[in-house]
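This report walks through a pair of chains, from single side-chain pairs to the interface between the copies. Please keep the sequence and the 3D view at hand.

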Protein chains: 2
Amino acid sequence: VTAPVRRLCVIGVGLIGGSFARALREKGLAQKVVGVGRSEANLIKAKRLGVVDHYFTDDPAEAVREADLVFFSTPVRAMPEIVKTISRALAPDCIVTDAGSTKASLIQAIEPLLPDSIQFVPGHPIAGKEKSGVRASKANLFNERWVILTPTARTKKAALARVRGLWEACGAWVECMPPAEHDQVFGAVSHLPHLVAYALVDTIMGWDSPRPLIGYSAGGFRDFTRIAASSPEMWRDICLENRKAILKAMDRYGQTFAHLRQMVESGDGRGLEKLFSDARAVKAQLRHAKRLRAERKGLR
Amino acid sequence: VTAPVRRLCVIGVGLIGGSFARALREKGLAQKVVGVGRSEANLIKAKRLGVVDHYFTDDPAEAVREADLVFFSTPVRAMPEIVKTISRALAPDCIVTDAGSTKASLIQAIEPLLPDSIQFVPGHPIAGKEKSGVRASKANLFNERWVILTPTARTKKAALARVRGLWEACGAWVECMPPAEHDQVFGAVSHLPHLVAYALVDTIMGWDSPRPLIGYSAGGFRDFTRIAASSPEMWRDICLENRKAILKAMDRYGQTFAHLRQMVESGDGRGLEKLFSDARAVKAQLRHAKRLRAERKGLR
């Protein structure tokens, strides 16, 4: 059984930070929750919703004082500046963790700023990227969702186990991997699909046509537009932080797309049908992955 | 009020053909339904489900005899051969219509094969491309869905009005446009998104990685996989038939994607954030289109 957090400080009380606080509260695993953010309106809402007990808009150092867990859920690029401000105010037994979508460059930026005594457990919950704000937060957001933890050379086992235990209490499946591998995997299965979708939405919206194309978008396009509601700031930071892995993924995609275009141009019916048929196997692969997760859950 | 079809002949009794027959039957608008197909197992199912009264696997000419409406819902490329077989058996007052996803080249192939007395009303219902087979068919598939009709120079107003009336009885919104415009519009909003998604699924599935990437696909990729369940044969034909419009759309997309890649490579945070923010407007455009359709419905 995981011990409760005495004082949880959530920096960035939006969908993810708010949901983490709610989930821990619901399980009786957060005795006190303090929120930090730029928008007072949002923090007032968070307090009214019972997500935080107190909040600070302009003094993160004061907010983290006496916290035994600091949870970063701001856009990735905002984190290092805040770490600078708070590092000397952190209690010696405090664990710092985060929910940033990219890991390697973030760790490089943050870890050197933290005192040696402070344990940093980098993390990434794979959940809910389409809505934002504390209003959208909910206690079960992470239930049966992946959380990837990417411990560094400095992360001690006890701190990793502590953070893992809290996420598992939220219902999440926790997986550990090296930061660079995380960035490769999510560059491919998350960042690339978002960029592919953004490019499509941009193409269709910019298409000058006598009829508004959008009106006929039932047949395929609509699936892509959900993604367009994601936070522009978050995706900008992801592109800047995971640049290398994203470029690699974009180039692989570009090659496949060019190959497909070539088959269309040359009227290669066989090749097209083969590619489309092969793609059907993805459904079986997804079912297989689901089965593996179910087994994993059974073992827990 | 639309008069019932005395004898409806559905060629290709799958999701679309089956749903059209069910919808007309439910409204009392099809007295007799005859099915034509290659798979007897499927046609037996169709008969058992009450979708057709009779079926023919190897004699389409016999099937269309005395039909006053022939509805083609086979893959596009299969249609001309069947038209050749049936054209002399068609009753003089018969209307031929279809549900093919591409129009201009199909019309070019089919119209010259039909006797002058036969009215051809080319159509395209924008509904249900992810499932297939008569088992998935349902009477309300076209309810509040677009059906595009693309009359030719030879199509008489009465025949067009007849087919429009039947689709409207199925609950569809009917819109007329020239065949070439149809192909441009759906090349952009339907065919391009499918190819973009197929290329993505192919890229991720072909990615050699120590961990199965598919297992972590919650964050973006999953939205694309629904498309991969579509009929490979249908999409092959669409690519072959709407080649020109699809290549144009792929090239526009390719330019946007290259621009996005360039911004990632050069670390252009401002440009990225602007593109991501602009994409959010698509949601408002979709809402606007929905409002227009609702008004249209009110007027009917």
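## A buried ion pair

In this predicted model, the side chains of A:K103 and A:D98 form a salt bridge, with N and O 2.9 Å apart. Both partners, A:K103 and A:D98, are buried.

## Salt bridges within the chains

Over all chains, the whole structure holds 28 salt bridges. One of them joins B:E233 to B:R38 at 3.9 Å, N to O. That pair ties together distant parts of the chain, 195 residues apart. B:E233 belongs to helix α9 of chain B, while B:R38 sits in the loop between β2 (30–36) and α2 (40–48) of chain B. The two ends differ in class because B:E233 has a relative accessible area of 27% and is partly exposed, whereas B:R38 reaches 73% and is exposed. Salt bridges with shared partners also build one network from A:R6, A:D68 and A:D93.

A local case is A:E81 with A:K84. Their closest N and O atoms are 3.0 Å apart, and they form a salt bridge. Why can these two side chains be on one side of a helix? Both lie in helix α4 (residues 79–86) of chain A, 3 residues apart, so about one helical turn separates them. An α-helix has 3.6 residues a turn, so residues three or four places apart point the same way. A:E81 is exposed, at 52% relative accessible area. A:K84 counts as partly exposed, at 49%. The cut-off for exposed is over 50%, so the two residues fall on either side of it.

## A threonine in a strand

A:T97 lies in strand β5 (residues 95–98) of chain A. Is this residue buried or exposed? A:T97 is buried, because its relative accessible area is 1% and the cut-off is under 20%.

A polar atom of the A:T97 side chain lies 2.6 Å from the backbone oxygen of A:V121. Beyond neighbours within four places in sequence, A:T97 has contacts to A:L69, A:V70, A:F71 and A:F72. A:F120, A:V121, A:G123 and A:V163 are also in contact with A:T97.

## An enclosed helix

Helix α9 (residues 232–241) of chain A has 8 of its 10 residues buried, so the rest of the structure largely encloses it. Those buried residues are A:P232, A:W235, A:R236, A:D237, A:I238, A:C239, A:L240 and A:E241.

What do they pack against? Within chain A, the partners are α5 (104–110), α7 (179–205) and α10 (243–266). Chain B adds its own α10 and α11. One buried residue of α9(A), A:R236, also has a salt bridge across the interface: its side chain meets that of B:E273 at 2.7 Å, N to O.

## How the two copies are arranged

A turn of 180° with a shift of 0.0 Å along the axis lays chain B on chain A, at an RMSD of 0.0 Å. The two copies are thus related as by a two-fold rotation axis. Which C-alpha of chain B is nearest the axis? It is that of B:D223, 3.2 Å from the axis. The same surface serves both copies: 99% of the contact residues of chain B recur in chain A.

## The interface

Chain B brings 91 residues to the contact and chain A brings 90 residues. About 8500 Å² is buried between the chains, and carbon and sulfur atoms give 69% of that area. B:W207, B:Y216 and B:F276 supply 9% of the area that chain B buries against chain A, more than any other three residues.

Between chain B and chain A there are 4 salt bridges. Polar contacts link 16 residue pairs between them, both residues at pLDDT 80 or more. Several elements of chain B each supply at least two residues to the side that touches chain A, including β8 (146–149), β9 (173–176), α8 (222–225) and α12 (281–299). The largest share of that side, 20 residues, comes from α7(B). By class, the side of chain B that touches chain A has 52 nonpolar, 17 polar and 22 charged residues.

Note on methods
Residues are numbered from 1 along each chain as its sequence is written. Chains are lettered from A and ligands numbered from 1 in the order in which they are written. This is a predicted model: local features need pLDDT of at least 70, side-chain atom pairs count only at pLDDT 80 or more; totals for chains, interfaces and linings use all residues. Side-chain values use heavy atoms; hydrogens and water are left out. Copies are superposed by least squares on the C-alpha atoms of residues with pLDDT of at least 70 in both. Contact means heavy atoms within 4.5 Å. Buried area is the accessible area (1.4 Å probe) that two parts lose on being put together, summed over both. A polar contact is a pair of N or O atoms within 3.5 Å; within protein, one must be able to donate a hydrogen and the other to accept it, and residues adjacent in sequence count only if both atoms are side-chain atoms. Helices (H or I, at least four residues) and strands (E, at least two) are DSSP runs, numbered from the N terminus. Ala, Val, Leu, Ile, Met, Phe, Trp, Tyr, Cys and Pro count as nonpolar, Asp, Glu, Lys and Arg as charged, and the others, Gly among them, as polar. Buried means under 20% relative accessible area, exposed over 50%, partly exposed in between (1.4 Å probe, protein chains only).
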